[in-house]
Structures are given as structure tokens and as C-alpha cells.
Amino acid sequence: GFLGVMLPYTPLQHLLFSLDPSMVLIMTSGNVSDEPIIFRDTEALDELGRIADAFIRYDREIVEFCDDSVLFVEEGEPCFFRRSRGYVPAPLPAGEIKRPMLATGGDLKTSFALARGRSVIMSPFLGDMASPATGALFRRTLDHFKKIYAIEPELVVSDTHPAYFTTALADELEASGAARCRVQHHHAHIASVLEDRGLDGPVIGVAYDGTGYGDDGRLWGSEILLADRVSYERMAHFSYFPLPGGESAIRDVWKTGVALLYGCYGDAIPLPDLFPGFTTVLEVINRNINCPQSCSIGRLFDGVSAILGISSTISTEAEAAMLLEEAAARAMDRRDEILPPPEIPLGGSMPMVAPTDELVRWVVEKRLEGVSTEIIAAGFHLAVVDCTVRACERIRDSRRINRVALSGGAFQNRLLLRGIWRALREKRFDIYTPRNVPFNDGCLALGQIVVARAMEGTTK
């Protein structure tokens, strides 16, 4: 795992450290799990009174909250997990915006953006919109930003996902008279990098994440696109697999593990002792009851984590994938033991499809051979890296484009990010990663503004 540190940035924290400069304090946000930070005294006493032993209060009211920013450094470049305190609400420079816009972003790592003139103002990190408290916070923060920046949006931009809370909010504003634009999830990811790094022409965009609504109505998330600010073409992705139980498979990752095994072996899945309830899941898959199709890298990592016995259910977002990364990282210290990864074939036509079954079958075979979990986890990571880079090479050969932009929450996996970054560099690609916005869905609002502005410029 990784340890995060922060320096004292308030007078109170400096006073605490004056008592013992060598002490280390472990701090967490003042909030109920999955809900926004509490910053008013009465709410803190009501909501946290059962948790906290004492409260330090002050006689000045906090007007607005701002969560802490979180960054890491990879290949010498700063990378955001969360863009908030210290960066918000500093505007991001942008090209000319013809009319005021609001981009509602996504439902996870939510951050909206207001745009006017040549500036984009992004909100702080707000949280997960599935929580009613976060929905109320979104509306309150939006009203506050509209007031202090004197912006009344004439165009509202949202994701294409019909069931997002942020899409529903955009629907409301459209019904009130605002113009409307919808931007595909992964296009917004890549467009945010184009804006952040000042790129205009097309790039090979690698957008790897947990979920994004696709043009075919299925759940995308292993997307390699040819994209510019106006449009995109899907060039490659992993093959689809079912998510038994839909949303519940994101929490109970063993269900995704069963689904991946079913894709390779049918009803006669190996490793049955790992999954006591697998027969019920197989029946759900065979009857196609609430089994949305996904090609998401995030869900693939979840399922492989379950197949390797690392995680069966999760208590926090991406926990199974993080544990798989940690297992692989332990093996990377034993480089002489690393197995050559399987070379996953790529279909000949565009979009190229990398068969998920081939990768899962390799994982199962190595486990049945008694290879250690850490070594298999490392080989799995290397296989995804190799497949990604070969797909980029195929696209470069056919389209003569050498620039690659990386975005999506899966790139918070340091092994995956480092592996793809270094392998692309060895193949002499020009590589662009976000510097001023996160890899995760916290970048979507910026990408939505970029695409909407570009589309307005082409539809005069």
C-alpha cells in the first residue's frame, strides 16, 4: 500500500505540533461514511456525537466546505486523485466560450464546472451522487458558485448515461429553458486531457475505468479511442462479460469472478470452493436476469481479484482492484520470478477486440499449477499493459498518429499507469497525462465543456 502525508495548514494544527514536533497524527474527514464533510457545529454534534469523544469549536462560522486535495507523483509528473483545497476555485484557462455553460460531470468523484469567456471554474470534490446528502450539496454548491461568479448557464452539458443523477439534474435545467448537450463518458475523459495539455488534433486516447455508458447501451470501460475535441472513433476494447446482479456485482466481486469463469468454462467452472453461491449466479447468467454486459477494466480487475482468492466482497470503492495491485507490487520486487505474460490476440478489424477469456484462462491455469497469487497478479498486470501498447501500435501504423492520452480511474493503479507509460515511451510514443485535473471522473466536467464548446464551433 501507499502512505499519504500532509503538512499542517491551519493554525490549530500548528498549535498541536508545537506540543510535540515529532508526533504523527492520523486524520480523517469529519463525515459519515459515503456522505459529504460536515462543517457546521449543529450537524457535527448530531451526526458525529456517537463517534467523536470531543469537539473543538470556533466562534466563526464556516461558509463553505472544501475537501482536501490528494496527489501522487509518477514518472516525475504530478497526478491528482482529487482536485480540491488549494486548487479550487482557481480557474483553468480555456479557449473562447461563446455562451455561459454548466457541465454536471459524473456521479462518482463528482465535480461540476462552470465556464464563461476564457475560463473554466471547477467545483471542489463533492463525493458520490448516490447519497442524497451529496445531491443536496451539489445543488447548494452550484448555487453558491453561480452567485459568486455571476454566471447563469445558457447551455447545460451532461454525461450520456440516462440513469445518472447528474443527468437528471441537467434534464431539470433543460426543462427550465437551458440548451442541452450530452457527451459520451470516455470521450469526455480524453477531451479533458486535450484541454489540460493544450492539444488540438486527434490523439489515441486510452480511457480505462470502472463504468461508462457506451453508444451501444452497454457498460464500457476498456476504451482505446481515436479522439479529438469534437468526435471519437472506438478503435479497441476488451470483450464483454456479464455482471450478474448488476450493481450488486460491483460490491460482491465474487459474482464477477463467476461470470468470467463462466465465459471460459461454461457451467463447469473450476475453483468452485471459492464461490459457495456460484450455482445461483450461473442460473442468473443462463437466464440473463439483470446481467448487464460490461467490458470495463475495473470490473475485470475485480473479477480476477476474486478468482485469485484475494477479495470476495468490498467495503470501499475499488478495494478488490487495489488489493490485486498490492499483490502484484509485492511480486515486482522478485523480478527473476515474474512469468512472461500471455499475449492476448487482437481482432483484425476496427474496433479491435481483446478476448477477456484468454486472459482469464491464463490466470486460472497458473493458479491450478500452484503459481503464487502475487506472481499471477503481476503477470495479469503485464498482460494488460502489453495488450494496450500493441493496440496503440496498430492504430499508429494505420492512422499515422503518435500521440497517446491516458485518462480514467483505472490509472490510479500505479503499476498499470507506470507499465503503460514506460512501455509506450519505449515504443517512442508521445504520452500525455492530466496535470491539472484527476485521472478519475473528477475530470469529466472539464471534458464535457471542451466537447460542447467544440461542437458549438462546428454547428454555426
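Which residue in S2 is the bridge partner of valine 70? In this predicted model, the partner is arginine 82. The pair belongs to a hairpin of S1 and S2. Strand S1 covers residues 70–74 and strand S2 covers residues 77–82. The two strands run antiparallel and are joined by 5 bridges. Between them lie 2 residues. Glutamate 75 in this hairpin adopts a positive phi, near 50 degrees.

A further group of 4 strands forms an open sheet. The strand order is S4-S3-S5-S6, and the pairing is mixed. The edges are taken by strand S4 (113–122) and strand S6 (179–183). Each edge strand has a single partner strand, so one side of each lacks a neighbour in the sheet. From one strand to the next, the twist averages 60 degrees. Strand S5 (residues 155–159) runs parallel to S6, and 5 bridges join the two. One residue pair locates this register: valine 157 has cysteine 181 in S6 as its bridge partner.

Helix H7 spans residues 253–265. At 1.5 Å a residue, its 13 residues should extend over 18 Å. The end C-alpha atoms of H7 are 19 Å apart, which agrees with that expectation. Glycine 266 follows H7 and has a positive phi, near 65 degrees.

H7 is largely enclosed by the rest of the structure, because 10 of its 13 residues are buried. The buried set starts with Val253, Trp254, Lys255, Thr256 and Gly257. It continues through Val258, Ala259, Leu260 and Leu261, and is completed by Cys264. These buried residues pack against one strand, S10 (241–242), and against several helices. The helices are H6 (248–251), H8 (278–287), H9 (297–307), H10 (319–332) and H11 (356–368).

The packing of H7 with H9 can be described further. Two packed helices are described by the angle between their axes and the distance between the axes. For H7 and H9 the angle is about 90 degrees, and the axes are 7 Å apart. An angle of 65 to 115 degrees counts as roughly perpendicular, and H7 and H9 are therefore roughly perpendicular to each other. On the H7 side, the contact involves Val253, Trp254, Thr256, Gly257, Leu260 and Leu261. On the H9 side, these residues meet Arg299, Leu300, Asp302, Gly303, Val304, Ala306 and Ile307. By class, the contact contains 8 nonpolar, 3 polar and 2 charged residues.

Methods
Residues are numbered from 1 along each chain as its sequence is written. This is a predicted model: local features need pLDDT of at least 70, side-chain atom pairs count only at pLDDT 80 or more; totals for chains, interfaces and linings use all residues. Side-chain values use heavy atoms; hydrogens and water are left out. The expected span of a helix is 1.5 Å times one less than its number of residues. Buried means under 20% relative accessible area, exposed over 50%, partly exposed in between (1.4 Å probe, protein chains only). Contact means heavy atoms within 4.5 Å. Two strands pair if DSSP finds at least two bridges between them. Axes are lines fitted to C-alpha atoms, for helices over the stretch in contact, and angles run from 0 to 180 degrees between N-to-C directions. Angles under 35 degrees count as roughly parallel, over 145 as roughly antiparallel, 65 to 115 as roughly perpendicular and the rest as oblique. Ala, Val, Leu, Ile, Met, Phe, Trp, Tyr, Cys and Pro count as nonpolar, Asp, Glu, Lys and Arg as charged, and the others, Gly among them, as polar.
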